[in-house]
Amino acid sequence: MAKHKTPLLDQLESGPWPSFVSDLKHQAEVRAKNEEGIEFQIPQDCVEDLLGVLELSYKHGRTHWKHGGIVGVFGYGGGVIGRYCDQPALFPGVEHFHTMRVSQPAGKYYTTEYLRNIMKLWDLRGSGVTNMHGSTGDIILLGTTTPQLEEIFYELTHNLNQDLGGSGSNLRTPADCLGSSRCEYACYDSQALCHFLTNEYQDELHRPAFPYKFKFKFDACPNGCVASIARSDMSFIGTWKDDIQIDQDAVNKYVENDSAYPSNAGAHKNRDWGPFDIQKEVINLCPTGCMSFENKQLTIDNANCTRCMHCINTMPRALKPGKEKGCSILCGAKAPILDGAQMGSLLVPFVEVNPDNDYQAITEVIENIWDWWMEEGNNRERLGELIMRQGFQRLLEVTGIKAAPQHVQYPRTNPYIFWKEEEVPGGWERDVEEYRKHHLR
Amino acid sequence: MAFISSGYNPDKPMEDRITDIGPRKYDEFYPSVIAKNKGKWSHHEILEAGVIVHVAESGDEVYTVRVGGCRLMTTTHLEEICQIADKHCDGHVRFTTRNNVEFMVDSKDKVEPLKNDLASRIFSGGSQKFPIGGTGAGITNIVHTQGWIHCHTPATDASGTVKATMDEVFEDFQSMRLPAKLRISMACCLNMCGAVHCSDIAILGYHRKPPMLDHEYLDKICEIPLAIKACPTAAIRPAKTKLADGTEVKTVAVKNERCMFCGNCYTMCPSMPLADTEGDGIVLMAGGKVSNRISHPKFSKVVVAFIPNDMPRWPSMTDAIKKMINAYSNGANKYERLGDWAERIGWEKFFEVCELDFSHHLIDDFRQQAYMSWRQSTQFKF
Ligand code: HEM
Ligand code: HEM
Ligand code: HEM
Ligand code: HEM
Ligand code: SF4
Ligand code: SF4
Ligand code: SF4
Ligand code: SF4
């Protein structure tokens, strides 16, 4: 028997899409029955109370959670988010209901053995409610009490070889696309780079020393499956420098509408768009107009290709990214708070992604940026805002990267150039008396 | 319930302490066909909505069956996922960035039994536990944030608005009949944990009333300078006020007309709550994208300034979303994303064909980027 009536939430049980309400109710029952005889370390009926407080929010149209109270594990400045219910008398099971962020493996592959170990720990010491995954990327364990935090951390590190993720003003848990593990478009091994940097910067991840949060995200090609260009202070997007690899026979298979060569890898199968037309669907849609198809021969003027991926996505069996692969680095993306949304701006057009020297070319850029941001960034100022405040030119200066037309959409439209004194012959110190000899007062 | 120690000794927190070990290494978890063919994939094909085959240079194949998942997920449900993975996939499973779950098998004959098993599992309330879909030119799962289930600043619920929307667009989750992929995202306050500002359609919770001030407690509970600093628009200043009993207390004053309703002050100071039944609701944005395909990534634009919270299913919100999807589906060219289509026909036409009202709220007045969005031309459509 449910502890609280939930007439509004009950209406979210129907319909085809998986119902989180059904799932929570089921979980509440499983905990109530406790067939496995678990010695729950937080209130057994916390999921009932979670449903109860959510129902109340549905009735009021207002949240019933409070922020505040610093909780965490010893020595770490992040990974735990304090959460308290503002109706503890009604819902004592969720009076203290903190979040723990668990650093997810790159690519988000799991074995059931690992998942079951996490679940077992979380059933014993928490609510058993999770987010798979939070929007930063971590596994989110939703709801436990303060005394359990160290216990969970101890078990994670000692028994599961598993650390917490980041929260607060530090490096947030990096996240990546599945990349070369299962995607032929990948221009670098996003998992390897993501994992390496996550480990390389554990201190920055756990101990807040930054002005504000900082995110890395890794897309192994310009398709951008993890949306790094919109969601990370530093976005690493795979790209290539040389020519798109063309298999002319396969191109012609597409042109002939061979059924083993469905255009766009079959992504449009459920509507009749007519037979594939290479001129209309590829050549004419190429944003740079750098392709042509004549006499069964596809030609790409690679010097003018901007590597948008359209032709490759449309004919994946015929076209592949080039062989000289690496990544572009874009900086400064953030959500609208405080100064409006920003997308990442291109800082490094191309850099090699080289595990053999510990990605030196990449860590150098990262560390130069951090030095600048930690020195100059105001409290709660994201990198994108610092770049806006001090200028993109300053970003180039601190990273030692030479300005190039690739950095801009178009050159500036105002002439208000802040010339530096050393850039102007003779400097700024002048003798007004000397001037006055030729220009009367 | 007796306290069970993990082995941690609170008197000696540093004893045996293990820190900074990071996540588990990704390749411990690869299914064997993935481990073997990593970096050597030749091509892929979406066989039907939700089913993808990747073919390796070696000729090996991996069949992925993608199912929708709620990101809010209990261990009971996870256990069921593990059982399926054990039964069909040698104990391997993967999650996607958009909260889908992927089951992978290494040969074609394993696909049908897996699909049938997934499709047969239904929640007691009637919804599907593992709907197959979310690929290609359709609508995949909605990335979203916490909402009323666990955050202190939401202006609407996340899981509920997502469930209501996915139920309405479910056919497009299970088919690939749109001109291009259509990404929906949801964030429950303007902090946008989910970074929804570059989605084809974005659902955003928004407050419309400045914070209330709990003068009696404010100075006791909050660090006033931190609350002042938290405000992005500098709307908060220190103040003094007299309580009903005549005592003078330190507090803050908010310049209401400068407030953008972000809730950052409430994060810093629980004596400045801003949630409100009438004030809070939903903003809809449209036309953003993050992929570099054909056109550049772009921001979503606000297309509906406000929709009141209408629990539990937000019908006016889902109605507006469906209108946009239908108009897009009918009007866009193959490969054209929603934002590219809107730009091609012009936003003035977008409002007409989507049957959405335009109001003064939709004209940007926030800082210098506003000017860029006004029309500096005599070219427009009536
Ligand atoms: C620092 C900024 C600027 C200053 C100080 C400035 C100043 C002037 C002055 C003094 C004149 C009049 C010249 C005359 O009397 O014949 C003039 C003319 C003009 N300015 Fe500017 N201007 C500035 C920026 C711009 C910009 C940004 C534009 C256009 C994008 C612009 C477009 C023009 C045009 C078209 C004229 C020509 C008017 C004519 O042909 O009679 N100015 N400007
Ligand atoms: C303050 C000094 C300025 C003066 C005296 C000035 C004067 C003029 C004049 C006389 C014209 C020609 C109109 C015609 O063709 O009959 C003109 C055109 C124009 N001005 Fe200005 N203007 C000034 C500043 C600016 C500024 C600051 C801007 C923009 C930021 C601007 C933008 C333009 C534009 C876009 C045109 C049209 C040019 C075209 O034919 O495409 N002007 N201006
Ligand atoms: C600190 C900045 C500025 C100062 C001190 C300044 C000063 C002056 C002065 C003293 C004149 C002569 C007035 C007269 O006797 O006709 C003048 C003319 C003019 N200024 Fe400026 N100005 C400044 C900025 C600008 C800017 C930013 C613009 C345009 C965007 C501008 C556009 C003009 C124009 C178009 C004239 C000529 C007016 C005409 O020919 O009738 N000025 N300015
Ligand atoms: C000023 C801006 C922001 C503030 C004040 C803020 C605040 C918060 C708070 C208080 C929570 C806790 C919710 C809970 O679990 O109970 C949270 C969760 C989270 N935030 Fe943010 N956030 C901001 C921006 C962002 C952005 C831009 C992102 C991602 C791009 C992000 C990603 C997350 C993630 C992944 C979580 C974990 C819960 C979830 O996945 O929704 N946050 N944020
Ligand atoms: S971003 Fe590119 S490489 Fe990564 S999964 Fe997506 S398409 Fe593949
Ligand atoms: S990748 Fe894009 S720009 Fe380059 S040839 Fe293909 S369609 Fe054209
Ligand atoms: S978007 Fe806002 S309300 Fe929603 S989880 Fe993030 S901070 Fe909380
Ligand atoms: S809600 Fe945001 S803008 Fe309004 S007073 Fe608080 S911090 Fe300032």
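Start in chain A of this predicted model by selecting residues 234–240, which form strand E10, together with residues 325–331, which form strand E15; the two strands pair in the antiparallel sense over 7 bridges. If you show side chains here, you will find Phe236(A) standing opposite Ile329(A) in E15(A). Widen the selection to the sheet that holds both strands, an open sheet of 5 strands in chain A with the order E8-E9-E10-E15-E16 and mixed pairing. At its edges are strand E8 (175–176) and strand E16 (345–351) of chain A, each of which pairs on one side only.

Stay in chain A and select ligand 5 with its surroundings. Which residues surround ligand 5? The shell consists of Cys177(A), Cys183(A), Tyr185(A), Ala186(A), Asp219(A), Ala220(A), Cys221(A), Asn223(A), Gly224(A) and Cys225(A). Sorted by class, this shell around ligand 5 has 7 nonpolar, 2 polar and 1 charged residues.

Two loops of chain A deserve a stop for their backbone geometry. Select Met132(A) and His133(A), and look at the peptide bond that leads from the one to the other, which is cis with omega near 10°; His133(A) sits in the loop between E6 and strand E7 (139–142) of chain A. Then go to Asn257(A), a residue other than glycine whose phi is nevertheless positive, near 60°, and which belongs to the loop between helix H9 (248–255) and helix H10 (278–283) of chain A.

Now bring chain B into view and turn to its boundary with chain A, where 143 residues of chain B are in contact with 146 residues of chain A. The area buried between the two chains is about 12700 Å², and carbon and sulfur atoms give 58% of it. On the chain B side, select Trp148(B), His150(B) and Lys334(B), the residues that lose the most area to chain A, although together they account for 6% of what that side buries.

Polar contacts are the next thing to display, and between chain B and chain A they link 78 residue pairs, counted where both residues have pLDDT 80 or more. Helix H2 of chain B (residues 75–88) supplies the largest share of the side that touches chain A, with 9 residues. By class, that side of chain B has 67 nonpolar, 49 polar and 27 charged residues.

Side chains of opposite charge can pair when their charged atoms come close. How many salt bridges are found across the interface of chain B and chain A? There are 8 across this interface, while the count over all chains comes to 46. Select Glu150(A) and Arg17(B), whose side chains meet in a salt bridge at 3.1 Å, N to O. Glu150(A) lies in helix H5 (residues 146–159) of chain A and Arg17(B) in the segment before helix H1 (32–37) of chain B, so the pair joins two chains. A further salt bridge to select is that of Glu102(B) with Arg182(A), where the closest N and O atoms are 2.8 Å apart.

The two chains also pair through strands: select strand E6 (residues 129–132) of chain A with strand E4 (residues 72–74) of chain B, which run in the antiparallel sense over 3 bridges. Within this pairing, Asn131(A) has Leu72(B) in E4(B) as its bridge partner.

Ligand 4 is the next selection, with 23 residues around it, the closest being Arg83(A), Lys213(A), Lys215(A), His150(B) and Cys193(B). Why is this site described as shared between chains? The residues that surround ligand 4 come from chains A and B, so the site is shared between them. From chain A, a backbone N or O atom of Ser135(A) lies 2.9 Å from an oxygen atom of ligand 4, and a polar side-chain atom of Lys213(A) lies 3.3 Å from a nitrogen atom of ligand 4. From chain B, an N or O atom in the side chain of Arg71(B) is 3.0 Å from an oxygen atom of ligand 4. The shell around ligand 4 divides into 8 nonpolar, 10 polar and 5 charged residues.

Finish in chain B with strand E9 (residues 236–242) and strand E10 (residues 248–254), which run antiparallel and are joined by 7 bridges. Lys240(B) has Lys250(B) in E10(B) as its bridge partner, and in the hairpin of these strands, which has 5 residues between them, Gly246(B) takes a positive phi near 95°. The last selection is Met311(B) with Pro312(B), joined by a cis peptide bond whose omega is about 0°; Pro312(B) is placed in the loop between strand E12 (301–308) and helix H9 (315–331) of chain B.

Key. Residues are numbered from 1 along each chain as its sequence is written. Chains are lettered from A and ligands numbered from 1 in the order in which they are written. This is a predicted model: local features need pLDDT of at least 70, side-chain atom pairs count only at pLDDT 80 or more; totals for chains, interfaces and linings use all residues. Side-chain values use heavy atoms; hydrogens and water are left out. A residue is near a molecule or strand if one of its heavy atoms lies within 4 Å of it. A polar contact is a pair of N or O atoms within 3.5 Å; within protein, one must be able to donate a hydrogen and the other to accept it, and residues adjacent in sequence count only if both atoms are side-chain atoms. Ala, Val, Leu, Ile, Met, Phe, Trp, Tyr, Cys and Pro count as nonpolar, Asp, Glu, Lys and Arg as charged, and the others, Gly among them, as polar. Contact means heavy atoms within 4.5 Å. Buried area is the accessible area (1.4 Å probe) that two parts lose on being put together, summed over both. A salt bridge is a side-chain nitrogen of Lys or Arg within 4 Å of a carboxyl oxygen of Asp or Glu. Helices (H or I, at least four residues) and strands (E, at least two) are DSSP runs, numbered from the N terminus. Two strands pair if DSSP finds at least two bridges between them.
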